[in-house]
Amino acid sequence: MAEITIEIAEVNPVELFGVNDTKLKRLRKEFPELKLISRGRKIKAIGEEVQIKIFEEKLQLIIQYLLKYKQLNEGNLDRLLSNDTQPIQEQMTQKDEVLVHGSNGIIVKARTVNQRRLVNVMGKNDMVFALGPAGTGKTYTAVALAARALKNKEVRKIILTRPAVEAGENLGFLPGDLKEKLDPYLQPLYDALNDMFPAEKLKDYMENGVVQIAPLAFMRGRTLDHAFVILDEAQNATSSQFKMFLTRMGRNAKFCITGDASQIDLPKNQPSGLIQAVKILSDTKGIEFVHFDAKDVIRHELVKKIIEAYSMSTKNEEIKKQ
């Protein structure tokens, strides 16, 4: 039986161990053979020497992560405790690039492994699919990349589009003109843009067509040149809509398609164009796919648990059907 006491001098113990020791409990779960005792800025580990050495290495990696990023969510803690830490270690050695200096002093950066991967592959490819669950920052990162491209004059306009599919609610009888009826579907895109541009600048861009937000159906017949184009909620596009959208791509255009195959709101007899497109285009040179997962969730920590619970429920239902 061995024992070691490690000083936690560089980082805030609350950030390291979590409120009410939530992260310390995660450490104890990862190392059940060790007795871990936290007191102030010290943690004591008691157990077999081999396990203590592994624990010490993991703890130092977590501390290095906190020193760099100042915060640690459950998803990144899981990555740091996993057997394959190479992706997150590579992330830590990279320069922490600012994507956009947004409005009201907001500084927008990629915050997770797959957000950084999206930034990297978007720089090398003209068409990228960002796929995964809600709350992982797919759309927000894509909008930040579009804003950066516009500010750097790499493109002349930003076009954001979504399928106007109701998620169980009927908005067809809302008062107002066509724009007012459709805005509820497009509000998340407005929210992201408001973080990227000052209000007056964004208003000017939208009035002059530099930034355009429109339902997917409005893309038919257009050729999208010199534009950064984002198709959001792509899982709700039909097969014919998807093909129509992809073939709008013009010269010097960047296309980013974001979607979550677990949240399809199409009628049950209507297949998702996103799922079909991923199968058809998976080996197409020049198109990249970035797969986000629950570890990338940057909303409330409960969102990750909700996603995992629903995913497990779906798997169990599929097993029952077999």
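This report walks through the fold, the central sheet, the salt bridges and a few local spots of one protein chain.

## What you're looking at

This is a predicted model, so a few ground rules apply: local features need pLDDT of at least 70, side-chain atom pairs count only at pLDDT 80 or more, and totals for chains, interfaces and linings use all residues. Residues are numbered from 1 along each chain as its sequence is written, and side-chain values use heavy atoms, with hydrogens and water left out.

## The overall picture

The protein chain has 12 helices and 11 strands. Helices (H or I, at least four residues) and strands (E, at least two) are DSSP runs, numbered from the N terminus. Of the 322 residues in the chain, 46% are buried. Here buried means under 20% relative accessible area, exposed means over 50%, and partly exposed is in between (1.4 Å probe, protein chains only).

Take the contacts with a separation of 6 or more: 71% of them join residues 24 or more positions apart. A contact means heavy atoms within 4.5 Å. On the outside, the chain exposes about 17,700 Å², and carbon and sulfur atoms supply 50% of that. Accessible areas come from the Shrake-Rupley method with a 1.4 Å probe; for residues, only the protein chains shown count as cover.

## The six-stranded sheet

Six strands line up in an open, parallel sheet, in the order β8-β7-β9-β10-β6-β11. At the edges sit β8 (211-215) and β11 (287-291), each pairing on one side only. Neighbouring strands here are turned by 15° against each other on average, direction ignored. Strands pair if DSSP finds at least two bridges between them. For example, β7 (residues 157-162) and β9 (residues 227-231) pair in the parallel sense over five bridges, and Lys157 has Ala227 as its bridge partner in β9.

Two helices are worth finding on this sheet. Helix α6 (residues 113-124) lies across β6 (127-131), β9, β10 (254-259) and β11, and runs at about 175° to β11. Helix α11 (residues 273-281) also packs on the sheet, where it touches β6, β10 and β11, and its direction makes about 125° with that of β6. For these angles, axes are lines fitted to C-alpha atoms, for helices over the stretch in contact, and angles run from 0 to 180 degrees between N-to-C directions.

## A helix tucked inside

Which helix is largely enclosed by the rest of the structure? That's α4 (residues 74-81): eight of its eight residues are buried, so the rest of the structure largely encloses it. Charged side chains are in the mix, since the buried residues include Glu74, Asp78 and Arg79.

## Salt bridges

The whole structure has 10 salt bridges, each being a side-chain nitrogen of Lys or Arg within 4 Å of a carboxyl oxygen of Asp or Glu. In one of them, Lys44 meets Glu3 at 3.6 Å, N to O. Lys44 is in strand β3 (residues 42-47) and Glu3 in strand β1 (residues 2-7), so this pair ties together parts 41 residues apart in sequence. Lys44 is partly exposed at 25% relative accessible area, while Glu3 is exposed at 52%.

Glu288 and Arg117 form another salt bridge, with their closest N and O atoms 3.6 Å apart. This one links strand β11, home of Glu288, to helix α6, home of Arg117, across 171 residues. Both ends are partly exposed: Glu288 at 28% and Arg117 at 34%. Elsewhere, Arg26, Glu30 and Asp78 are joined into one network by salt bridges that share partners. Glu15 and Lys23 also pair up, at 4.0 Å, N to O; Glu15 is partly exposed at 29%, whereas Lys23 is buried at 9%.

## Two spots to click on

Leu302, Ile306 and Tyr310 make a nonpolar surface patch of about 350 Å². Patches are made of residues with over 30% relative accessible area and no salt bridge: like charges are joined within 9 Å, nonpolar side chains (Val, Leu, Ile, Met, Phe, Trp, Tyr) within 5 Å. Tyr310 lies in helix α12 (residues 301-321) and is exposed at 60% relative accessibility.

Gly102 is in the loop between β4 (98-101) and β5 (107-109), and is buried at 16% relative accessibility. Leaving aside neighbours within four places in sequence, Gly102 contacts Asp195 and Met196. The C-alpha atoms of Gly102 and Ala144 are 8.9 Å apart, with their positions 42 residues apart along the chain.
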